[in-house]
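Reader: I'm in my first year and still learning to read structures like this one. Could you take me slowly through the sheet and the parts around it?

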Amino acid sequence: MDEKRALRARVLNSYVETSQGNSVLEAIEYYRDNLEVSEDGVTQDNLFITGASRVGKTSLLKRYCRQEENRPYIKTDDNGNQVTITPVLFVSMPSEMTYTSLYERIITGMGAPLVGKKIEQIKHRVLGLLKDQEVKVLILDEAQSVKSSPFLTSKNAMDSIKDIINISSVSIVASGVANSDDVLRIDDQYDNRFRKITMEPFKECNDDFLSFLKSFEEQINAPFPLRILDDDGARANMIFKATNGLPGKVHDFFVELFYQIGISNKNIS
């Protein structure tokens, strides 16, 4: 059963890097480095990443947060006080966004209690915590919320993000579904502050996609051959068509495959 549990963990936790994903991470690091060497008053660029659901945006950004150098840690200051340092903060934006709900998500994301009810109080606390916890990269996932909120106009929602950019020393990475970045066209101030990157699914069942599948098979390391790349590519082509070339759906395919095989059935060893 221990071996079966280990196999299950490998299936669920499998993740294959892509050249596209690595390019996104390079862009994040580029702007992060720019921020750290820039003098006060130098205008900073930020990123707005878009792409279809299951193309891999959220998984990529969450893995970036979990890198050793990006994880929160405790630092003791000159007075002996312990302070939490959060180099990279991941926040999933509320679907029915308000000023308060966005700011409160940022505060709770830093592990701090909510204090005050007035918007200006909460906003001031957000900016103070971002500085105190030395946040370098603020990731705002589900950024399509700036378009869909019934409580704020898209401009008001973007203004709340712009305020963070203007006042705090953080690099913002927004991530949303396809075309969510069209909110940047509302105002040149938004458009000029964000570099737009679109993540795409695999376009065809080519060598890149086959290599992607092979890496999944190697990571899972099943005790029996999966033969995904056998049969002159017929199985791989079937997977491509079933998943539309979306990396997240490829992962879902392997999870479902092992479920059907009986990985959760206690009567199957």
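Author: Happy to! Keep in mind as you look that this is a predicted model. Let's begin with the cavity, then walk over to the sheet.

The structure holds one cavity of 30 Å³ or more, and the volume of the largest cavity is about 30 Å³. Which residues line the largest cavity? You can pick them out in your view: Met158, Ile161, Lys162, Ile165, Gln189, Tyr190, Arg193 and Phe194. Two helices, H7 (154-167) and H8 (188-191), each supply at least two residues of that lining, and H7 gives the most, with four residues. Sorted by class, the lining has five nonpolar, one polar and two charged residues.

Now to the sheet itself. Five strands form an open sheet, and its order is E4-E5-E6-E1-E7. The pairing in this sheet is parallel. Strand E4 (88-92) and strand E7 (194-199) stand at the edges with a single partner strand each, so one side of each has no neighbour in the sheet. On average, and ignoring direction, neighbouring strands are turned by 15° against each other. What holds such strands side by side? Strands of a sheet pair through backbone hydrogen bonds, and they can do this in a parallel or an antiparallel way.

For one pair in detail, look at E5 and strand E6 (residues 171-176), which pair in the parallel sense over five bridges. One place to find on screen is Val137, whose bridge partner in E6 is Ser171.

Helices lie across this sheet too. Helix H3 (residues 57-66) lies across strand E1 (46-51), E4, E5, E6 and E7, and H3 runs at about 145° to E4. Helix H4 (residues 99-109) lies across E4 and E5, running at about 135° to E4.

Next, follow the chain just past E5. Where is Gln144 placed? Gln144 sits in the loop between strand E5 (137-141) and helix H6 (145-148). A polar atom of the Gln144 side chain lies 3.2 Å from the backbone nitrogen of Val177. Leaving aside neighbours within four places in sequence, Gln144 is in contact with Ser175, Gly176, Val177 and Ser180.

There is also a pairing of the antiparallel kind to compare with what you have just seen. Strand E2 (residues 73-76) and strand E3 (residues 82-85) run antiparallel and are joined by four bridges. Within this pair, Thr76 has Gln82 in E3 as its bridge partner. E2 and E3 form a hairpin with five residues between them, and Gly80 in the turn has a positive phi of about 85°.

One last stop is Thr18, in the loop between helix H1 (2-13) and helix H2 (19-37). The Thr18 side chain has a polar atom 3.0 Å from the backbone nitrogen of Gly21. Not counting residues up to four places away in sequence, Thr18 touches Phe202 and Phe212. For a sense of scale, Thr18 and Thr153 are 36 Å apart in space from C-alpha to C-alpha, with a separation of 135 residues in sequence.

Methods. Residues are numbered from 1 along each chain as its sequence is written. This is a predicted model: local features need pLDDT of at least 70, side-chain atom pairs count only at pLDDT 80 or more; totals for chains, interfaces and linings use all residues. Side-chain values use heavy atoms; hydrogens and water are left out. On a 1 Å grid over the protein atoms alone, a cavity is a set of points where a 1.4 Å probe fits but cannot get out, and a pocket is an open set with protein on both sides within 12 Å along at least five of seven lines; lining residues have an atom within 4 Å of a point. Grid points are joined across faces, edges and corners, and a volume is the space filled by probe spheres set on the points. Ala, Val, Leu, Ile, Met, Phe, Trp, Tyr, Cys and Pro count as nonpolar, Asp, Glu, Lys and Arg as charged, and the others, Gly among them, as polar. A polar contact is a pair of N or O atoms within 3.5 Å; within protein, one must be able to donate a hydrogen and the other to accept it, and residues adjacent in sequence count only if both atoms are side-chain atoms. Contact means heavy atoms within 4.5 Å. Two strands pair if DSSP finds at least two bridges between them. Axes are lines fitted to C-alpha atoms, for helices over the stretch in contact, and angles run from 0 to 180 degrees between N-to-C directions.
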